[in-house]
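The exercises below ask you to read helix packing, a ligand shell and strand pairing from a structure. Work through each task before turning to its solution.

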Amino acid sequence: MKEVSRFPAPVGDLGWFNIANNREHRFANPEAIADSYDFVVVGAGFGGVNAASRLAENRPGASIALLDALRVGMGDSGRSAGLMIDVPHVTVGDPKMDLEHHKWRYRLNKIVIDRMRDIKSKNNLQVDWRESGKHLAARESSCLPSLDSLARFLDRMGSSSRMIEKADIPPVLGTDYYIRSLYTPGTILINPAEVVRGLAMSLPQNVQVFEQTPVLQVVEGPVPLVRLTNGKTIKAGKIILTISAFINNFGIKEAGRLYGVNSFGAFTRELTDDELAHFRGIEPWGATAAHPAGTTVRYTASKRIFVRNGFQFSPNQITSPERVHQARGKLRKAFVSRFPKLAHVNFEYVYGGMIPLSFNTQSLFGDVAQNVVAGTVGDGLGITRSSMLGLYLADMVCGIDSEELRYMSKTNTPSWCPPDPFRTLGATVRLAYDEYRAGGEI
Ligand SMILES: Cc1cc2nc3c(=O)[nH]c(=O)nc-3n(C[C@H](O)[C@H](O)[C@H](O)COP(=O)(O)OP(=O)(O)OC[C@H]3O[C@@H](n4cnc5c(N)ncnc54)[C@H](O)[C@@H]3O)c2cc1C
C-alpha cells in the first residue's frame, strides 16, 4: 500500500469538541507506543472505538493499539450532527435495498446503539446522550408524499412512528417553519465528540489509545506493519482501518468506489434567558430534512441551535477553510428562516467535515490486503453504520462467525464509480441539482 500524502485536519471551529466536557482528557503518550501489538486499529471515530472495544472483549489477553491522526472527537464522527439514527432516513439508494435489507439494517443499528448505551451505563460515562428520537421535518409540500411513504414503510418494518401536523409543531420544536413532521422515537441525540471520546476513555486496559499519531503507510504481509509519520514502525498481527473516506489515500483499489462529500455545521452561542423564552417547555430535539439535500437542525442540551447543510463533492478528501467560509451563508439562511426572532444571534462555531458515500449506499467492508481489513461507510447514517463496521471487522479478524457478520460480508459491496474527471463532474452536477430541488428544505 502506498504512502499517505493527505492527512485529516481540523477545519473551522469544531463546536462539539470545544463544548465536550472530556476534551481535556489525555490518552497514552505517543512516545510510549510499543514496537508490536496483536491488533492495530487506525482511525478512532465510531468505527475505530467500536472495533477496539470488541477486539478487547473477544481477546482479553491481546495487546491492542488505537491510533488517530487527530485528537479523538475531532474527526468526522465528532463533527457530525450527533443523530445516532436507528431507522432509514428515506427509502432511497440501491434499488436492491428492499424491506428485508432495511429490516436487517434496523436490527444492526439497534445492536450497536444498545451496545454503546451499555458501555455508557457500565462505565457511568457523563456524556450528552438523550433518548429523544428524531423528527423528519418537511417544509415543502412536494416532500409530503415521501413522509407518508416512509411512515408506511416503517410500519411494515415493525418500527413505530407518529405524524405531527403543522399546527402541533411549534409547541414541540419552537418554530412554525415546518408543515409536517414524521417523529420516530429510537434515535439518540448526542454530543458526538463527547460520546466518541467517552467510549475511547472507557476501553479496557489492554487497549492503548494514541491521539495525534498520523499513520504514513500500512504495509501488508505475513506480519503487517504500520509506519508512523514520526519515523516509528509498529509490527501487528492484524490491522483494522477505520479511516473513513481517507482510505482513498492509502492505495487500496476498492476505495475508488467511495467518495467524500463535504458538509458543514454551525452552532449559535448559548441562548440567553430572554431568547430561551421562545423554547419554554420545549425539550432538546433533532430534525433531519424531508429532502436528502436539506438542513439538519438541533436545539441542543447546551441551549444552542445547531444547523448542518451543504453537500459539495470533495476531490482528494480535502475540506478546505475556503469552503467552510463559503458555507456560512447557507447555514445562516437556514437558521434565520427557521428562527427569525433569533436573527441577531451569532454563530460561535462553524466547521466542515466529510461524509463518505458510495453510489449504492453500501459500505466497504472486509479484507483489503494480507492481514489488513477496512470499513468505510457508504451512506449518511454514518454513526450507526461505522459502529457496526468496526464491531464486525473485529469479529472477522478474530474468526468469530455470526449471522450478522455473514450478512455484513454478503451485502457490503459498494458499486462501481466512474473515474475522474467524470466522477467529480457527475457528482458536482448531481449534488447541485439536488440542492436546487430541495428548495425550502435547505
Ligand atoms: C457535518 C456532518 C454531519 C453529519 N451528521 C451525521 C449524523 O447526524 N448522523 C450520522 O449518523 N452521521 C452523520 N455524519 C456522517 C458521520 O459523521 C460519518 O459517516 C461517521 O462518523 C464516520 O465514522 P468513521 O469512524 O468511519 O470515520 P471518522 O469519524 O471519520 O474516523 C476516521 C478517523 O481516521 C483518522 N485518520 C484518517 N487518516 C488517518 C491517518 N493517515 N492516520 C491516522 N488517523 C487517520 C481521522 O482523523 C478520523 O478521526 C455527518 C458527517 C458530517 C461531516
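**Exercise 1.** In this predicted model, determine how the axes of α2 and α9 are oriented relative to each other, roughly parallel or roughly antiparallel, and describe the contact between these two helices.

*Solution.* Begin with the geometry: helix α2 (residues 46-58) packs against helix α9 (residues 382-397) at an angle of about 30°, and their axes are 7 Å apart. Because angles under 35 degrees count as roughly parallel, α2 and α9 are roughly parallel to each other. Next take the handedness, which is that of a right-handed crossing of α2 past α9. The contact itself draws on residues of α2 including Phe46, Ala51 and Leu55, and on residues of α9 including Ile383, Leu389 and Leu393. Sorted by class, the contact of α2 with α9 comprises 8 nonpolar, 7 polar and 2 charged residues.

**Exercise 2.** Identify which residues come nearest to the ligand, and find which elements give two or more residues to the shell around it.

*Solution.* There are 43 residues around the ligand, and of these Gly43, Gly45, Gly75, Gly353 and Gly382 come nearest. Two or more residues of the shell are given by each of α2, β13 (259-268), β17 (347-357) and α9. As a last step, divide the shell by class, which yields 22 nonpolar, 17 polar and 4 charged residues.

**Exercise 3.** Establish the strand order of the open sheet formed by 8 strands, and locate the helices α4 and α8 with respect to its strands.

*Solution.* Following the pairing from one strand to the next gives the order β6-β7-β5-β14-β15-β16-β13-β17, with mixed pairing. The edges are β6 (162-165) and β17, each of which pairs on one side only, and the twist from one strand to the next averages 25°. Within this order, β5 (residues 134-138) and β14 (residues 285-289) pair in the parallel sense over 3 bridges, with Ala137 standing opposite Ala289 of β14. Turning to the helices, α4 (residues 144-157) lies across β5, β6 and β7 (180-184) and runs at about 20° to β7. Helix α8 (residues 321-338) packs on the sheet by touching β13, β15 (296-299), β16 (305-313) and β17, and its direction makes about 135° with that of β16.

**Exercise 4.** Work out which strands form the edges of the open sheet of 3 strands.

*Solution.* The order is β3-β8-β4, and the pairing is antiparallel. The edge strands are therefore read from pairing on one side only, as holds for β3 (83-84) and β4 (129-130). Strand β4 pairs with β8 (residues 188-190) in the antiparallel sense over 2 bridges, and Leu189 in β8 is the bridge partner of Arg130.

How values were computed
Residues numbered from 1 in each chain as written. Predicted model: local features only at pLDDT ≥ 70, side-chain atom pairs only at ≥ 80, totals over all residues. Axes fitted to C-alpha atoms, helices over the stretch in contact; angles between N-to-C directions. Helix = DSSP H or I, 4+ residues; strand = E, 2+ residues; numbered from the N terminus. Parallel < 35°, antiparallel > 145°, perpendicular 65-115°, else oblique. Left-handed = near helix turned anticlockwise from the far one by under 90°. Contact = placed C-beta atoms within 7 Å. Nonpolar A, V, L, I, M, F, W, Y, C, P; charged D, E, K, R; others polar. Near = placed C-beta within 6 Å.
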